[in-house]
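Colleague: I should like to understand how this protein model is built. Might we go through it by question and answer?

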Amino acid sequence: MNDLWTMGLVMAGLVFIWIPMHIWALTLHFKEDYNRANIPMLTAIKSESASARIIAASTVVMVLFSVAPFFLSLGDGEPMMGQVYLWTAVASGALMVVLSAWVVLKPVERASWLLFKFSSPYLTVLFIALMVDSAL
């Protein structure tokens, strides 16, 4: 039962780390709307390039956190996650890092919108890989 709590906390942590990147990518896309409404989001208080760098940094942290469970072990010495999860996290994480790098290189609405649109399936794919890994 303790292992289930540990895995649940790790997955909750992943969602917690994912949220800022997801929201900031959206706010970069709708920056002018947030500015007009005087909502002090990251993109309203920082420049586009600074916001893009912060989004990219948080994406890298999120990807590192998503891979970390493979290297953590449960009480029996086995990794918390298996190979299916690891390679899914690596492949989908690489895509997220490339997309966030695109936002840094070209912080335009299209790039941030694409990063936002891919971030939801990213989390879904990780959770599906977790379920598949658990079933094997």
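The exchange below moves from the overall fold to single residues.

Colleague: From the N terminus on, in what order do the elements of the protein run?

Modeller: This is a predicted model, and the answers should be read with that in mind. The protein has six helices and zero strands. The order of elements from the N terminus is therefore written with one symbol for helix, as helices are the DSSP runs found here. It reads α-α-α-α-α-α.

Colleague: What does the C-alpha trace span along its principal axes?

Modeller: The protein has 136 residues, and buried residues make up 39% of them. The protein exposes about 7,500 Å², of which carbon and sulfur atoms supply 71%. Along the principal axes, the C-alpha trace spans about 55 × 25 × 20 Å.

Colleague: Among contacts between residues at least 6 apart in sequence, what percentage join residues at least 24 apart?

Modeller: A contact requires heavy atoms within 4.5 Å. One pair of residues separated along the chain is T59 and P20, which are 39 residues apart and have C-alpha atoms separated by 9.0 Å. Over the protein, among contacts between residues at least 6 apart, the share that joins residues at least 24 apart is 66%.

Colleague: At which residues does UniProt place the feature "transmembrane region"?

Modeller: Two of the annotated spans can be set beside the model. Residues 6-30 are 96% helix and 0% strand, with end C-alpha atoms 37 Å apart. Residues 50-72 are also 96% helix and 0% strand, and their end C-alpha atoms lie 33 Å apart. The UniProt record, an unreviewed entry, places the feature at residues 6-30, 50-72, 84-105 and 112-132.

Colleague: Is T59 buried or exposed?

Modeller: T59 is placed in helix 4. Leaving aside neighbours within four places in sequence, T59 is in contact with M21, M96, V97 and S100. Its relative accessibility is 0%, so T59 counts as buried.

Colleague: Which residue forms a salt bridge with K31, with the closest N and O atoms 3.2 Å apart?

Modeller: K31 is buried, with a relative accessible area of 17%. The partner in question counts as partly exposed, at 31% relative accessibility. The pair links distant parts of the chain, 17 residues apart: K31 is in helix 2 (residues 31-36), and the partner is in helix 4 (residues 48-71). The residue that forms this salt bridge with K31 is E48.

Colleague: How far apart are the closest N and O atoms of R36 and D33?

Modeller: R36 and D33 both lie in helix 2, three residues apart, which is about one turn of the helix. R36 counts as exposed, at 61% relative accessibility, whereas D33 is partly exposed, at 38%. The two residues form a salt bridge, and the closest N and O atoms are apart by 2.4 Å.

Colleague: How many salt bridges does the structure hold?

Modeller: One salt bridge joins R36 and D33, and another joins K31 and E48. E32 also forms a salt bridge with K31, the closest N and O atoms being 3.7 Å apart. E32 is partly exposed, with a relative accessible area of 43%. The number of salt bridges in the structure is three.

Colleague: D133 is buried yet has no salt bridge; which is the nearest side chain of opposite charge?

Modeller: D133 is placed in helix 6 (residues 109-135). A salt bridge needs a side-chain nitrogen within 4 Å of a carboxyl oxygen, so a side chain 28 Å away cannot provide one. The nearest side chain of opposite charge, at that distance, is K117.

Colleague: Which residue has its backbone nitrogen 3.3 Å from a polar atom of the side chain of D133?

Modeller: Leaving aside neighbours within four places in sequence, the contacts of D133 include M81, G82, Q83 and V84. The residue asked for is also in contact with D133. The backbone nitrogen that lies 3.3 Å from a polar atom of the D133 side chain belongs to Y85.

Colleague: What is the phi of N38, which is not a glycine?

Modeller: N38 lies in the loop between helix 2 and helix 3 (42-45). N38 is exposed, with a relative accessible area of 67%. Its phi is positive, at about 55°.

How values were computed. Residues numbered from 1 in each chain as written. Predicted model: local features only at pLDDT ≥ 70, side-chain atom pairs only at ≥ 80, totals over all residues. Heavy atoms only, no water. Helix = DSSP H or I, 4+ residues; strand = E, 2+ residues; numbered from the N terminus. Buried < 20%, exposed > 50% of the residue type's maximum accessible area, 1.4 Å probe, protein only. Lys, Arg positive; Asp, Glu negative; His and termini not counted. Polar contact = N/O pair within 3.5 Å; in protein donor to acceptor, adjacent residues only side chain to side chain. UniProt positions renumbered as here; feature names shortened; annotations may be inferred. Areas by Shrake-Rupley, 256 points an atom, 1.4 Å probe, with all protein chains shown as cover.
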